[in-house]
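Colleague: Please take a close look at a single part of this model, and place that part in the setting of the whole assembly. I should like one connected account, with each criterion stated where it is used.

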Amino acid sequence: MSAITVRDVWVEYGDQIVLEALNLDIASGSFVTVVGPSGCGKSTFLRMVLGQERPTRGRLLLDGAPLPAEPGPDRGIVFQRYSVFPHLTVLGNVLAGFEFAASPWLGTLFGAARRRAVEASDELITAVGLAAHRDKYPSALSGGMQQRLAIAQALAKNPKVLLLDEPFGALDPGTRAQMHDLLKPLWRQHGMTVIMVTHDLKEAFGLGTRLIAFDKLRHDPQAPGRYGARLTYDLDLTRRRPTPVAPVPRANQDSHSGTSTLPLHPRHST
Amino acid sequence: MRRAMNIAPGRGTRLLLALLPFLLIVCVYALGSADRRAANPDDKLLPPFAEMADTAGRLATEPDRRTGEITLLADTAASLQRLVIGLAVATLIGLALGIALGILPMIDATFGPLVGVLSMIPPMALLPILFIVFGLGELSKVVLIVIGITPFLVRDLAMTVGAIPGEQLVKAQTLGASTWQTVLRVVLPQVLPRLIEALRLSLGPAFLFLISSEAIAADAGLGYRIFLVRRYLAMDVILPYVAWITLIAFVMDLALARLARGAFAWAYDGARRR
């Protein structure tokens with residue numbers, strides 16, 4: 001189980017409001033894609049679930065319990081860059097997850113325990129298609145291979161939630177398609193909840209079971225930080241056509257009508 | 001015409017070009033020395049190479065009449081002992097403090113400003129205090145080297161730790177690493193190559209502090225010897241000693257560079273132009 005509940009969450013930096021009145025229920029095992037313009041709080045939302053940031057107001061729950069205020073092994077992460085350790089080989093990078101858990105003082109395994117961990121790591125490395133590169137350092141890998149490695153590394157902890165922060169943003173379209181083909185079966189197989197921030201609408205519609213969009217609905221030209229982004233679209237992508245999940249919270253003085261203006265469909269979106 | 005910045009020498013040319021300035025210096029010295037000797041056969045300022053080689057050979061092979069030890073070896077051993085102990089202690093302190101400052105915000109808030117201020121104290125100004133507190137023996141010389149280079153190492157390593165992308169530290173935490181495990185498995189290995197680079201940069205200052213302290217109060221050591229024979233204008237001793245000190249420093253620097261590249265190959269993958 002790994003359901004995430006967001007209750008009336010606000011994020012503010014001083015005077016600047018980043019996210020306001022955020023309410024969400026993410027079912028266990030969903031693949032949620034998060035879209036929105038730059039600076040609309042997508043990454044802030046992700047960092048909040050990760051534990052790197054705390055909401056100014058409101059509550060974040062993982063399976064009914066408050067989210068720990070620091071990153072932990074129950075939530076894996078793949079960043080766009082710098083996700084893997086440059087001083088460890090492919091094997092070492094994946095092995096690290098097993099070693100941290102089993103060896104509190106040295107962070108290193110020896111003998112039979114190491115052999116078992118190496119076997120488990122090799123399995124993951126093979127699953128992401130890096131078997132031929134297991135003894136290379138990340139600097140010798142292409143961008144796509146580094147992201148594969150980052151995914152294998154995160155899967156080593158079997159996290160409840162996998163967070164992806166524009167993981168394929170720096171990859172070429174061909175490699176990106178390969179990564180999609182890789183990610184979807186892994187998600188099904190591990191049964192974890194995935195939250196993926198992306199700029200690519202096609203990717204967001206193609207991969208997710210649910211899409212959420214953040215945007216600023218109100219804008220005060222005299223005080224750009226006065227209003228934060230809200231949840232503007234929340235779509236269920238498992239139906240035949242994208243269907244709104246819940247009534248979208250609206251700003252009071254905002255007049256344009258809600259969900260009927262939703263022409264979003266994969267074929268129109270890119 | 002290609003731009004000057006695009007013209008690079010080949011392998012053979014590079015070697016030749018590197019040797020050229022050295023040969024030039026030797027020639028100029030030999031000419032100057034011969035010139036002065038021609039004017040005054042007792043000249044001591046620019047002794048010819050043969051005379052220096054003679055003196056150096058004597059210092060390196062014959063036991064001293066008073067102490068019974070071979071002067072050059074005894075001096076080298078005394079100096080190297082001070083230098084190596086000083087460098088080792090400074091390295092350990094620098095590594096521990098640098099990583100602590102770089103990774104622990106509470107430690108950085110508490111000691112960061114202090115280190116910043118302490119590193120501005122000119123170490124040589126502390127030498128009299130060290131002599132008073134630790135006496136004129138080995139300890140004060142070693143402490144001077146430690147005080148002289150530790151602040152640099154601490155600050156440099158703290159900055160190196162600070163330059164590790166935050167993503168990696170978060171990643172380590174999501175893999176279940178504690179602070180200690182993160183330091184041991186993520187931070188320390190990534191800091192070690194820079195530690196060696198910082199040590200290389202510290203060799204010059206370390207020798208400076210060594211020779212200074214030996215010049216003021218010592219009974220053996222490379223710095224002690226050159227300042228002792230200065231009274232007799234014994235350039236035939238001083239120049240070979242300076243060359244010997246330079247050679248030691250150069251070899252240490254080279255060894256550290258080789259060590260860094262050998263042990264931490266991952267850190268040098270096409271990262272630099274040269």
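**A helix at the interface, and its setting**

Modeller: Of the contacts in chain B between residues at least 6 apart in sequence, 69% join residues at least 24 apart, two residues being in contact if their C-beta atoms, placed from the backbone, lie within 7 Å. This is a predicted model, in which local features need pLDDT (the predictor's confidence in each residue, from 0 to 100) of at least 70 and side-chain atom pairs count only at pLDDT 80 or more, whereas totals for chains, interfaces and linings use all residues. Residues are numbered from 1 along each chain as its sequence is written, while chains are lettered from A and ligands numbered from 1 in the order in which they are written.

The model has an ipTM of 0.86 and a pTM of 0.86. For chain B the mean pLDDT is 93, with 98% of the residues at 70 or more.

Chain B contains 10 helices and zero strands; helices (H or I, at least four residues) and strands (E, at least two) are DSSP runs, numbered from the N terminus. Its order of elements from the N terminus is accordingly α-α-α-α-α-α-α-α-α-α. The C-alpha trace of chain B spans about 75 × 65 × 30 Å along its principal axes. Its radius of gyration is 23 Å, where a compact globule of 274 residues would have a value near 19 Å; the radius is taken over C-alpha atoms, and the globule rule is 2.2 Å times the number of residues to the power 0.38. Buried residues form 33% of the 274 in chain B. A residue is buried if 20 or more other C-beta atoms lie within 10 Å of its own, exposed if 12 or fewer, and partly exposed in between, with C-beta atoms placed from the backbone.

The part chosen for the close look is α7(B). The contact between the chains draws 19 residues from chain B and 26 residues from chain A. On the chain B side, the elements giving two or more residues are α7 (166–174) and α8 (179–216). By class, that side has eight nonpolar, seven polar and four charged residues; Ala, Val, Leu, Ile, Met, Phe, Trp, Tyr, Cys and Pro count as nonpolar, Asp, Glu, Lys and Arg as charged, and the others, Gly among them, as polar.

Within α7(B), the residues Gln168(B), Val170(B), Lys171(B), Ala172(B), Gln173(B) and Thr174(B) are buried. Their cover includes α8 of chain B, together with α1 (42–50), β6 (75–78) and α4 (143–155) of chain A. After α7(B) comes Gly176(B), with a positive phi near 95°.

Elsewhere in chain B, helices α5 (residues 123–134) and α6 (residues 138–163) have axes that come within 9 Å and cross at roughly 150°. Such axes are lines fitted to C-alpha atoms, for helices over the stretch in contact, and angles run from 0 to 180 degrees between N-to-C directions. The crossing of α5(B) with α6(B) is right-handed: a crossing is left-handed if the near helix is turned anticlockwise from the far one by less than a right angle, and right-handed if clockwise. From α5(B), Pro123(B), Leu126(B), Leu127(B), Leu130(B), Phe131(B) and Phe134(B) take part, meeting Leu139(B), Ser140(B), Val143(B), Leu144(B), Ile147(B) and Gly148(B) of α6(B). This contact of α5(B) with α6(B) comprises 10 nonpolar, two polar and no charged residues.

The partner, chain A, has seven helices and 11 strands. With a radius of gyration of 20 Å, close to the 18 Å from the globule rule for 270 residues, chain A is as compact as a globular protein of that length. Its C-alpha trace spans about 65 × 40 × 35 Å along the principal axes, and 42% of its 270 residues are buried.

Two residues of chain A deserve a note on backbone geometry. Most residues other than glycine have a negative phi. Asp8(A), in strand β1 (residues 4–13), nevertheless has a positive phi near 50°, and it is partly exposed with 13 C-beta neighbours inside 10 Å. Glu166(A) also has a positive phi, near 40°; this residue lies in the loop between β7 (161–165) and α5 (173–190) of chain A and is buried, having 20 other C-beta atoms within 10 Å.
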